Amino acid sequence: MVEAFAVASGKGGTGKTTSTLALGMALAEDYDVTVIDADTGMANLLFHAGLNDADVTLHDLLIAERDVAVEDAVYDRFGMSVVPCGTSLAAFEAADPGRLRDVVAELASNTDVLLLDSPAALGSKSAVLPIVLADRIVVVLQPTVPSLSDGLKVQEYAHSYGTDTAGVVFNRVRPDENVDRIAEQAGRYFGGQTLASIPESDAVRAARREGKPLLAHAPADPAADAFREAAARLDVRD
Ligand code: ADP
Ligand code: MG
């Protein structure tokens, strides 16, 4: 049975896209993984996955008149099926966000794990639908109290729609930060499982510049190890 995860956060730039592709590659060792860029307003997964030139994207699937088949927007990349989204503002405005439900249902019939790279914040239908459609959320945070507070709101929202918490990924953790204290804070403020603490890493930035997921660009980097640990802790249901 497929399990769908929304990779979410309160703010942009916390590392959702980086985390989606890293978790996806780690899970692809054991499962058929499909990754969808559901951040349809600020799509950037295509840049992280070397798909800048993709002809057909999620936007085409969300615009009924374009009459495109779901499989035409699926690309085999890095051992995963990847559905990128385009960056055109006009296409975002023309898209019907509600069509994501059918796209996800169709993709779900053909994979073990779905990862939805989700928009930050909770303002609109396109922003919240990925969380509503997922079975569980992975909350990507930076280890600060404001970031935890934002994550808490995302979690509350998810729970109100019956979407459980898979856990928290702390990202961009610097060596001087006390990971145990952060995990303790997560328990106090957030109550979620800590999946991993991902260090601030030059390899993450370099991977993005190369248009490759971290686990393809630098599989031995400590940040890659930490993402593999997080993927194992997700305990994907069989
Ligand atoms: P989001 O999808 O949440 O907006 P991204 O995954 O695109 O965030 O990350 C935002 C930026 O931060 C990217 O340029 C990315 O390379 C960088 N970044 C993310 N995680 C790390 C990290 N652990 N170390 C260094 N840079 C990072
Ligand atoms: Mg992103």
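**Close-up views of ligand 1 and the nonpolar core**

**View 1. Gly13 meets ligand 1 through its backbone.** In this predicted model, a polar backbone atom of Gly13 lies 2.9 Å from an oxygen atom of ligand 1. The protein buries 87% of the 560 Å² that ligand 1 exposes when taken alone.

**View 2. Lys16 and Thr18 reach ligand 1 with their side chains.** For Lys16, a polar side-chain atom is 2.8 Å from an oxygen atom of the ligand. For Thr18, an N or O atom in the side chain is 2.6 Å from a ligand oxygen atom.

**View 3. Ligand 1 occupies the largest pocket.** Around ligand 1 are 16 residues. Those that come nearest are Gly13, Lys16, Thr17, Thr18 and Asn171.

**View 4. The largest nonpolar core holds 79 residues.** Leu58, Val138 and Leu214 touch the most other members. In soluble globular proteins, nonpolar side chains tend to be buried together.

**View 5. Val138 and its contacts beyond four places in sequence.** Val138 is in contact with Phe5, Ala6, Val7, Ala8 and Leu23. Its other partners here are Ala166, Gly167, Val169, Leu195 and Leu234.

Notes: Residues numbered from 1 in each chain as written. Chains lettered and ligands numbered in written order. Predicted model: local features only at pLDDT ≥ 70, side-chain atom pairs only at ≥ 80, totals over all residues. Heavy atoms only, no water. Core = buried A, V, L, I, M, F, W, Y, C linked by side-chain atoms within 4.5 Å. Buried < 20%, exposed > 50% of the residue type's maximum accessible area, 1.4 Å probe, protein only. Contact = heavy atoms within 4.5 Å. Near = heavy atom within 4 Å. Polar contact = N/O pair within 3.5 Å; in protein donor to acceptor, adjacent residues only side chain to side chain. Areas by Shrake-Rupley, 256 points an atom, 1.4 Å probe, with all protein chains shown as cover. 1 Å grid on protein atoms, 1.4 Å probe; cavity = no way out; pocket = protein on both sides within 12 Å on 5 of 7 lines; lining within 4 Å. Sits in = over half its atoms within 2 Å of the grid points.
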